[in-house]
Amino acid sequence: MQVSVDRDRCCSSGMCVMNAPEVFDQDDRDSLVRLRQIALLPEQFDDVRLAADLCPGRAITVTEDQPAQTGA
Ligand code: SF4
């Protein structure tokens, strides 16, 4: 699973930092979201999904890993 943010959509609410402070941060200059990491650990998945769901600017995109294809 990976996460990305769109700073143009961020409204600096800080919700993501409250839900997953090890993944999200806010820029000291403009308070817009910054990522601390892109590749996530499995134990962070639920917090990051919640942060994306609760983001008022819809600025957080979560990309779930695709299951491996098996040959048939
Ligand atoms: S929750 Fe969304 S709008 Fe609020 S700081 Fe984080 S990315 Fe920005």
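**Cavity.** I began with the largest cavity of this predicted model, and I noted that about 110 Å³ of space lies inside that cavity. I then asked how many cavities of 30 Å³ or more a search of the whole structure finds, and the result was one. For the lining of the largest cavity I wrote down 14 residues, and those that lie nearest its centre are Cys10, Ser13, Cys16, Cys55 and Ile60. When I sorted the lining by class, I found ten nonpolar residues, four polar residues and no charged ones.

**Ligand.** Next I asked what takes up the space of the largest cavity, and I found that this is where the ligand sits. The residues around the ligand include a run in the chain from Cys10 through Cys11, Ser12, Ser13, Gly14 and Met15 to Cys16. I also listed Val33, Cys55, Pro56, Ala59 and Ile60 around the ligand. By class, I counted nine nonpolar and three polar residues in this shell, and I found no charged residue there.

**Whole chain.** I stepped back to the protein chain, where I counted two helices and four strands. Reading from the N terminus on, I wrote the order of these elements as β-α-β-β-α-β. The C-alpha atoms fill a box of roughly 50 × 20 × 20 Å when the box is taken along the principal axes. The chain has 72 residues, and I noted that 31% of them count as buried. I also looked at contacts with a separation of 6 or more, and 54% of these join residues that are 24 or more positions apart.

**Serine 12.** I returned to one of the residues around the ligand, Ser12, and I placed serine 12 in the loop between β1 (2-5) and α1 (15-19). I recorded serine 12 as partly exposed, because its relative accessible area is 27%, which falls between the limits of 20% and 50%. Its phi is near 65°, which is a positive value in a residue other than glycine. I marked this in my notes because most residues other than glycine have a negative phi.

**Arginine 58.** I then looked up arginine 58, whose place is in the loop between α2 and β4 (60-63). Here too I found a positive phi in a residue other than glycine, with a value near 50°.

**Alanine 39 and glutamine 44.** I turned to the loop between β3 (33-35) and α2 (45-54), where I found alanine 39. Glutamine 44 also has its place in the loop between β3 and α2. Is alanine 39 buried or exposed? I entered alanine 39 as exposed, because its relative accessible area of 55% is over 50%. Glutamine 44, by contrast, I entered as buried, because its relative accessible area of 6% is under 20%. Leaving out residues up to four places away in sequence, I found that glutamine 44 touches Glu22, Val23 and Gln37. For alanine 39 I looked up the distance to cysteine 16, which is 23 residues apart from it along the chain, and their C-alpha atoms are separated by 16 Å.

**Aspartate 46.** My last entry is aspartate 46, which I found in helix α2. I recorded aspartate 46 as exposed, because its relative accessible area of 56% is over 50%. How far apart in space are aspartate 46 and aspartate 28? From C-alpha to C-alpha I noted 26 Å, for two residues that are 18 residues apart in sequence.

Notes:
Residues are numbered from 1 along each chain as its sequence is written. This is a predicted model: local features need pLDDT of at least 70, side-chain atom pairs count only at pLDDT 80 or more; totals for chains, interfaces and linings use all residues. Side-chain values use heavy atoms; hydrogens and water are left out. A residue is near a molecule or strand if one of its heavy atoms lies within 4 Å of it. On a 1 Å grid over the protein atoms alone, a cavity is a set of points where a 1.4 Å probe fits but cannot get out, and a pocket is an open set with protein on both sides within 12 Å along at least five of seven lines; lining residues have an atom within 4 Å of a point. A molecule sits in a cavity or pocket if more than half of its atoms lie within 2 Å of its grid points. Ala, Val, Leu, Ile, Met, Phe, Trp, Tyr, Cys and Pro count as nonpolar, Asp, Glu, Lys and Arg as charged, and the others, Gly among them, as polar. Grid points are joined across faces, edges and corners, and a volume is the space filled by probe spheres set on the points. Buried means under 20% relative accessible area, exposed over 50%, partly exposed in between (1.4 Å probe, protein chains only). Contact means heavy atoms within 4.5 Å.
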